[in-house]
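Trainee: I have a structure open and do not know where to start. Can you show me how to read it?

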Amino acid sequence: MSLLVVDSLSKKYSKHVQALSNISFQACKGESIGIVGESGSGKSTLAKILLGLELSKEGQMTLNGESIPPKKRSRFRQYRKDVQMIFQDTSSTLNPKLPIWKSLLEPLNNFKEITPSYITEKGLTQKEIAEKLLEMVGLDKGMVNRYPGELSGGQKQRVSIARALSIEPSLIVCDEPTASLDVTVQVQILNLLKDIQRQTKMTILFISHDIRAVAFLCEKIIVLKDGSIVDQFGIDELYDSNRHPYTKALIKAASID
Ligand SMILES: Nc1ncnc2c1ncn2[C@@H]1O[C@H](COP(=O)(O)OP(=O)(O)OP(=O)(O)O)[C@@H](O)[C@H]1O
Ligand SMILES: [Mg+2]
């Protein structure tokens, strides 16, 4: 069964701005789906609608069979836990005035009823849990007491990933998580996301304007252009001759053909 079903989704911001038109796709548990397209193609709009940050009046979406956003108020909490987001700009998730361990534990402290699978011992202190999370994303546990201003861009993005993972969501939406990082750091973060996806069986929706990044990480690729899906295919079909001309142009521009 599909974890995420998006069916005929459209979004109009105003009379003249049709950000998404008739978007349909599905994602299974543990699958990594890439959404690629140029600036203004509607990628972030899709992410925001999935997160409930924007509303759409047209189309249906379900996660684990439940409507997104949920119709019943009682289901909201589960939805807030199940869908987590990683942004390009870590300043939206890491408060510069809080030490890393406090920012890391915010989601877990909002969902005290959850005991995540990585907490195997009883009686861990908050800082010890934060240290575990840092180690899960390849950071030194000594960083718990630092402030975001004392970390590099790549380290901050690792902390945001750990924060999103902390409550074990079923879907992680990443909107250009590597766009503001150096190329070598981008590769490290993509490798980290790939490892996490393999280990946790979480579904990842990875948004990027960079088809190379999407092709590296994702099993299925959706190409958006002016708010519409123009192509949708498995990674094995990337170089098929019947790819949409726009997909071919993206591949050529990224010089991976
Ligand atoms: N809050 C808003 N109000 C009105 N129009 C908006 C709003 N947000 C986005 N848009 C418009 O919707 C379209 C899609 O924008 P969106 O941010 O989804 O694109 P994107 O693919 O994420 O682009 P980028 O790669 O630059 O981040 C654009 O034409 C944009 O100007
Ligand atoms: Mg965007």
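**Reading the sheet and the ligand site**

Mentor: Start with one pair of residues: Leu9 stands opposite Ile23 in β2. Keep in mind that this is a predicted model.

Trainee: How many bridges join strand β1 to β2?

Mentor: Seven bridges link β1, residues 2-12, with β2, and the two strands run antiparallel. Another pair to find is Ser2, whose bridge partner in β2 is Cys28. The two strands also make a hairpin, with five residues between them.

Trainee: How does β1 pair with β4?

Mentor: Five bridges connect β1 and β4, again in the antiparallel sense. Look for Val5, whose bridge partner in β4 is Thr62.

Trainee: In what order do the strands of the sheet come?

Mentor: Read across the sheet, not along the sequence. The order is β2-β1-β4-β5, four strands in an open sheet with antiparallel pairing.

Trainee: Which strands stand at the edges, and why is one side of each left without a neighbour?

Mentor: The edge strands are β2 (18-28) and β5 (66-67). Each has a single partner strand, so one side of each has no neighbour in the sheet.

Trainee: What packs on the sheet?

Mentor: Helix α1 does, touching β1, β2 and β4 (58-63). The direction of α1 makes about 120° with that of β1.

Trainee: And the side chains of a strand, where do they point?

Mentor: In a regular strand they alternate between the two faces of the sheet.

Trainee: Now the ligand. Which residues are around ligand 1?

Mentor: List the shell before looking at single atoms. It holds Tyr13, Val17, Ala19, Glu38, Ser39, Gly40, Ser41, Gly42, Lys43, Ser44 and Thr45. By class, three are nonpolar, six polar and two charged.

Trainee: Which element gives the most to that shell?

Mentor: Helix α1, residues 43-51, gives the most, with three residues.

Trainee: Which side chains have a polar atom by an oxygen atom of ligand 1, and at what distance?

Mentor: Take Ser39 and Thr45. An N or O atom in the Ser39 side chain is 2.5 Å from an oxygen atom of the ligand. For Thr45, a polar side-chain atom lies 2.6 Å from a ligand oxygen.

Trainee: What about a nitrogen atom of ligand 1?

Mentor: Go to Tyr13. An N or O atom in its side chain is 3.5 Å from a nitrogen atom of ligand 1.

Trainee: How much of ligand 1 does the protein bury?

Mentor: Begin with the ligand alone, which exposes 640 Å². The protein buries 59% of that.

How values were computed
Residues numbered from 1 in each chain as written. Chains lettered and ligands numbered in written order. Predicted model: local features only at pLDDT ≥ 70, side-chain atom pairs only at ≥ 80, totals over all residues. Heavy atoms only, no water. Near = heavy atom within 4 Å. Polar contact = N/O pair within 3.5 Å; in protein donor to acceptor, adjacent residues only side chain to side chain. Areas by Shrake-Rupley, 256 points an atom, 1.4 Å probe, with all protein chains shown as cover. Nonpolar A, V, L, I, M, F, W, Y, C, P; charged D, E, K, R; others polar. Pairing = 2+ DSSP bridges. Contact = heavy atoms within 4.5 Å. Axes fitted to C-alpha atoms, helices over the stretch in contact; angles between N-to-C directions.
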